[in-house]
Amino acid sequence: MPNAQPAPQDGLTLYGLTCEMLETPLGLDAPSPRLSWKLRSSRRGDSQTSYRLTAALHHRDLDDAQRLIWDTGRRESADGVLVPYDGPPLRSSTRYHWRVEVWDAEEAAADSAESWFETGLLHRDEWRAVWIGRDTETAAVMDPPGDEDRTDRTRHLSPCSHLRRSFDLGGRRPVRARVYATARGVYELRLNGRRVGDAELAPGWTEYHRRVPYQAYDVSELLEEGENVVGIVLADGWWSGFVGFDSRHQARHYGGAPQAIVQILLDHADGSRRWIASDESWRERAGAIKYADLLMGEYVDARDDLPGWDRPGYDDTGWNKAAVLDRDTGVLEAAADRPVRVTQELAARSVTRRPEGHSVVDLGQNMVGRVRLTIRGAERGRRIRLRHAEMLSDGELYLANLRTAEATDVHIASGDPVEVFEPRFTFHGFRYVEVSGYPGDLRSEDVVGRVLHSDTPLTGRFECSDETANRLHTNILWGQRGNFVSIPTDCPQRDERLGWLADAQVFLPTACRNADVAAFFARWMRDVVDGQDADGAFPDVAPRLCIEREGAPAWGDGGVIIPWHLYRTYGDRRVLERSYAAMTAWVDHVHRHNPDLVWRHRVGNHYGDWLQVDAETPREVLATAYFARSARIVAQAAQVLGEDADAKRYGALHEAVRDAFVDGFVDTGSGRPGDEGRIAGGTQTGYLLALAFELVPEHLVPAAVGHLTADIEARGRHLTTGFVGVALLCPVLAAHGRADLAYALLHQDTYPSWAYSIRHGATTIWERWDGWTEEHGFQSPAMNSFNHYSLGSVGDWLYGGVAGIDQHPDSVAYRHLRLRPNVGGRLTWARARQETPLGTAACGWSLHPGSGPQELRVEVTVPPGARATLHIPTADPRSVREGRGELPESGGIDIVDSLPEELVVRLGSGTYHFSAAAPRR
Ligand code: RAM
């Protein structure tokens with residue numbers, strides 16, 4: 001292939017090359033992986049007109065020569081969103097180098113770039129390894145765990161296994177080496193004394209009965225001539241540890257003890273291959289980790305460390321033979337999303353010595369992860385204990401809201417002068433750490449908060465002139481990071497941490513703004529689909545656990561809403577295809593049991609508008625609104641996928657459910673005057689659902705909006721919405737001409753409001769509006785998380801409604817942006833920037849005192865390949881200028897509409913600076 005030409009700086013420039021929505025994935029198993037790229041350009045109107053993709057492989061036998069295996073030739077297209085590889089069948093364990101070239105409107109070859117992906121084991125019969133673990137008969141006796149401070153729960157947990165095998169490479173190091181490994185449990189892979197990879201809590205949590213993802217590692221550089229040692233440390237994790245509500249369910253949801261499977265592939269220069277696989281030849285023993293559990297914490301007795309166990313030269317006589325626990329490799333699949341990683345470290349903000357002798361450390365931020373503690377001068381056998389909490393009560397940890405999660409880590413000192421303790425197979429949600437048993441004075445630099453989460457690239461940015469709104473955005477972002485740990489969870493601290501579908505679906509639009517969550521959610525959608533029952537009901541939580549009942553309204557509907565939103569946001573059609581049968585089955589299930597189209601039957605646990613305050617949205621209103629919405633989405637999805645008969649059928653169903661909603665719940669004018677447009681129950685959420693899902697007859701919309709706003713006003717501009725209604729609040733108000741009220745709610749800082757929690761020190765979004773109040777203090781500890789993202793679903797509106805980045809209702813992958821700066825509230829400026837599948841989009845506005853009336857400046861960026869409709873709010877549409885020019889002379893801008901209070905223009909790609917007379921407020 002020709003060499004890459006240096007890209008001209010001002011023209012089309014490629015960046016962000018991905019395969020299956022991941023950068024250079026290792027160990028992919030999709031038969032036709034999709035390739036994507038993004039573009040930037042500083043030239044206005046610049047756009048890709050065609051591309052060419054090629055792929056080549058380094059053939060082992062060809063002395064590193066690259067062999068071209070795929071060439072699309074030039075294809076006309078304006079973007080590079082998920083283009084499927086359609087070359088010859090891919091081979092296992094093979095690296096494919098791919099290259100994209102793009103041409104611009106002047107037919108000039110504009111840029112080219114290269115990347116690669118590598119396949120894993122494409123065929124299940126390539127697994128020759130078997131699942132191994134502890135032989136419980138012999139091993140438990142070897143290392144009786146220190147019992148003195150075990151609780152009833154942790155007494156059931158077993159020490160972590162160390163599994164090892166040594167192998168001899170003689171005089172030849174392979175030219176290439178890969179490890180494919182995973183666990184039923186969580187594991188850390190070691191090779192010759194070094195940790196392999198940087199994944200935490202691998203392989204994460206999936207519907208293990210159906211699939212267990214394996215990870216691929218490039219270990220070519222870690223091997224040596226002669227003896228080599230591969231090792232695995234294995235803990236219970238989600239497989240056999242405590243998960244979910246402990247009071248109702250014990251540990252061991254999936255299996256009694258963890259298992260690992262490992263396969264090493266060695267490629268030699270002469271083309272020969274050698275496999276080393278987990279089998280009965282491996283050895284096992286317990287070591288320092290007496291137990292490690294996601295909810296309970298980790299207990300390490302450093303006196304029982306096994307120095308050198310994962311290095312050559314170690315004598316493992318006396319170790320147990322590993323037991324073969326299973327030979328079925330049918331559940332193995334290549335990991336399809338980014339792993340959990342430690343992404344940040346937080347320094348302790350303060351250390352307070354309490355009269356009882358322990359210390360309380362404040363990390364300044366409610367975070368998720370664990371602590372790395374440096375211990376100096378502890379005598380052998382000293383016991384140092386860490387406990388974790390989100391809040392303090394009278395200066396001590398407030399632990400009640402953790403329920404049965406003990407979140408306690410213990411280190412028994414080895415006696416080394418300096419020891420570093422960091423648990424490896426647990427995580428906690430906390431801001432405060434209680435350290436007891438520490439020798440001497442604990443210094444703040446001895447405590448580091450290690451932040452971990454699924455490593456989805458954080459690509460969005462929102463900022464404005466108001467510090468409280470900025471803190472709200474930051475709190476939302478921390479809530480997202482801390483709760484995206486392999487799956488989207490509801491909370492990170494107590495005995496729950498489940499993948500609740502409603503939480504996920506209301507928060508998804510916000511999540512997509514903040515980060516690239518395409519692969520993360522597409523992967524989790526498999527658990528959602530796997531969790532569907534034979535009658536077509538989606539679960540409340542995925543992976544399905546703890547709750548046997550079928551999904552509730554707005555919860556089960558997540559199975560329909562999420563793939564649709566992923567398709568619209570990322571252009572991921574495959575997630576829609578893969579979920580489509582399940583989506584239709586869900587709507588059919590609801591329909592079958594509710595033939596009169598009001599959703600009253602088979603409502604599962606029917607949570608209603610969960611955690612609403614001072615309002616009770618009738619459950620049938622909420623359920624039927626969601627029935628209508630899901631039917632409509634399925635009709636839209638059918639249309640996209642070319643399922644025309646379905647599109648008609650579900651389209652008709654949607655209309656019929658809408659009519660049933662109107663008949664049942666909308667006052668159409670039959671009764672008392674003034675009641676027209678009322679929705680049964682009269683709650684904010686009832687109006688929001690009806691308006692957002694377009695269930696109110698056109699002529700009654702203004703009346704319904706009037707009832708909604710009257711309720712908000714009557715409550716002194718306060719909300720009553722719970723999880724389901726809250727996401728719709730600001731967007732619906734703004735869409736119906738009441739952005740002023742949306743801003744009033746954003747700025748409101750008396751209870752209940754977002755800013756109320758911020759005024760009281762929140763650094764994450766609370767589960768409940770009244771998680772803590774001046775009047776009542778803490779809410780019931782039975783359910784009171786201080787790190788829950790659901791009420792943070794307003795984050796989408798900060799990007800879309802305040803700064804003004806959105807896409808046109810018919811647009812997919814942000815190909816047609818709708819930019820609508822929303823000058824309002826007490827803001828004097830706001831701006832947002834986010835990655836779209838085409839490139840970076842940005843929109844910002846600011847007010848400036850002019851000589852006469854205030855001036856509004858608007859700056860927007862439209863990525864190459866996209867177009868935008870921009871709404872400029874102004875008191876005088878004729879005042880609008882771009883750059884130094886008058887409109888429409890300025891390049892690339894068409895005036896679409898000149899209304900009394902706004903000018904609507906159409907833009908091609910590029911960055912634009914507008915000024916105008918500020919809008920009247
Ligand atoms: C609680 C959690 C979760 C919610 C369910 C209904 O356990 O708050 O977020 O979805 O209830």
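1. Pro752 sits in the loop between helix 13 (739-747) and helix 14 (754-759). The peptide bond that leads into Pro752 from Tyr751 is cis, with omega near -10°. The model is a predicted one, and the cis assignment should be read as a property of that model. A second cis bond runs from Ala542 to Pro543, again with omega near -10°. Pro543 belongs to the loop between helix 5 (518-530) and helix 6 (558-570). As background, most peptide bonds are trans.

2. Two residues other than glycine deserve a look for their backbone angles. Thr24 has a positive phi, near 30°, and lies in the loop between strand 1 (13-19) and strand 2 (26-28). Arg403 has a positive phi near 55°; its loop joins strand 30 (396-398) and strand 31 (408-412). Thr24 is partly exposed, at 32% relative accessible area, and Arg403 is also partly exposed, at 27%. In general, most residues other than glycine have a negative phi.

3. Helix 15 (residues 795-803) is mostly covered, with eight of its nine residues buried. The buried residues are Gly795, Trp797, Leu798, Tyr799, Gly800, Gly801, Val802 and Ala803. Gly804 follows helix 15 and has a positive phi, near 110°.

4. Gly804 is also where a recorded domain begins: an unreviewed UniProt entry lists residues 804-883 as "domain: Alpha-L-rhamnosidase C-terminal". In the model this span is 0% helix and 50% strand, and its end C-alpha atoms lie 20 Å apart.

5. Leu907 is part of strand 49 (residues 902-907). Leu907 is buried, with a relative accessible area of 2%. Leaving aside residues up to four places away in sequence, Leu907 touches Val860, Val862, Arg867, Ala868, Leu870, Gly892, Ile893, Tyr912 and Phe914. The C-alpha atoms of Leu907 and Ala866 are separated by 8.9 Å, although the two are 41 residues apart along the chain.

6. Which helices do the buried residues of helix 9 pack against? They pack against helix 7 (573-593), helix 8 (619-640) and helix 10 (684-692). The buried set is Asp646, Ala647, Tyr650, Gly651, Leu653, His654, Val657, Ala660, Phe661, Val662 and Phe665. An α-helix has 3.6 residues a turn, so residues three or four places apart point the same way. The length of helix 9 also checks out: its 22 residues (644-665) should span 32 Å at 1.5 Å a residue, and the end C-alpha atoms are 31 Å apart, which agrees.

7. On cysteines, a search of the whole structure finds zero disulfides. Cys464 is in no disulfide, and the nearest cysteine sulfur, that of Cys730, is 13 Å away. For Cys491, the closest cysteine sulfur is in Cys546, at 11 Å, too far for a bond; the cut-off for a disulfide is 2.5 Å between sulfur atoms. Both residues are covered: Cys464 is buried at 1% relative accessible area, and Cys491 is buried at 0%.

8. The unreviewed UniProt entry also lists residues 353-453, as "domain: Alpha-L-rhamnosidase concanavalin-like". This span is 0% helix and 56% strand, with its end C-alpha atoms 30 Å apart. Ser359 has its place in strand 27 and is buried, with a relative accessible area of 6%. Apart from residues up to four places away in sequence, Ser359 touches Val351, Thr352, Arg353, Val433, Glu434, Val435 and Leu442.

9. The second largest pocket holds about 780 Å³ of space. It is lined by 32 residues, and the closest to its centre are Arg190, Asp305, Val420, Glu422 and Arg424. Strand 13 (186-191), strand 21 (297-301), strand 27 (359-376) and strand 32 (418-421) each give two or more residues to the lining. Strand 32 gives the most, with four residues.

10. How many cavities of 30 Å³ or more are there? The count comes to seven. The largest cavity has about 70 Å³ of space. Its lining is made up of Ser753, Trp754, Ser757, Ile765, Trp766, Arg768, Trp769 and Leu791.

Technical notes:
Residues are numbered from 1 along each chain as its sequence is written. This is a predicted model: local features need pLDDT of at least 70, side-chain atom pairs count only at pLDDT 80 or more; totals for chains, interfaces and linings use all residues. Side-chain values use heavy atoms; hydrogens and water are left out. The expected span of a helix is 1.5 Å times one less than its number of residues. Buried means under 20% relative accessible area, exposed over 50%, partly exposed in between (1.4 Å probe, protein chains only). Contact means heavy atoms within 4.5 Å. UniProt positions are given in the numbering used here, feature names are shortened, and annotations may be inferred rather than shown by experiment. On a 1 Å grid over the protein atoms alone, a cavity is a set of points where a 1.4 Å probe fits but cannot get out, and a pocket is an open set with protein on both sides within 12 Å along at least five of seven lines; lining residues have an atom within 4 Å of a point. Grid points are joined across faces, edges and corners, and a volume is the space filled by probe spheres set on the points.
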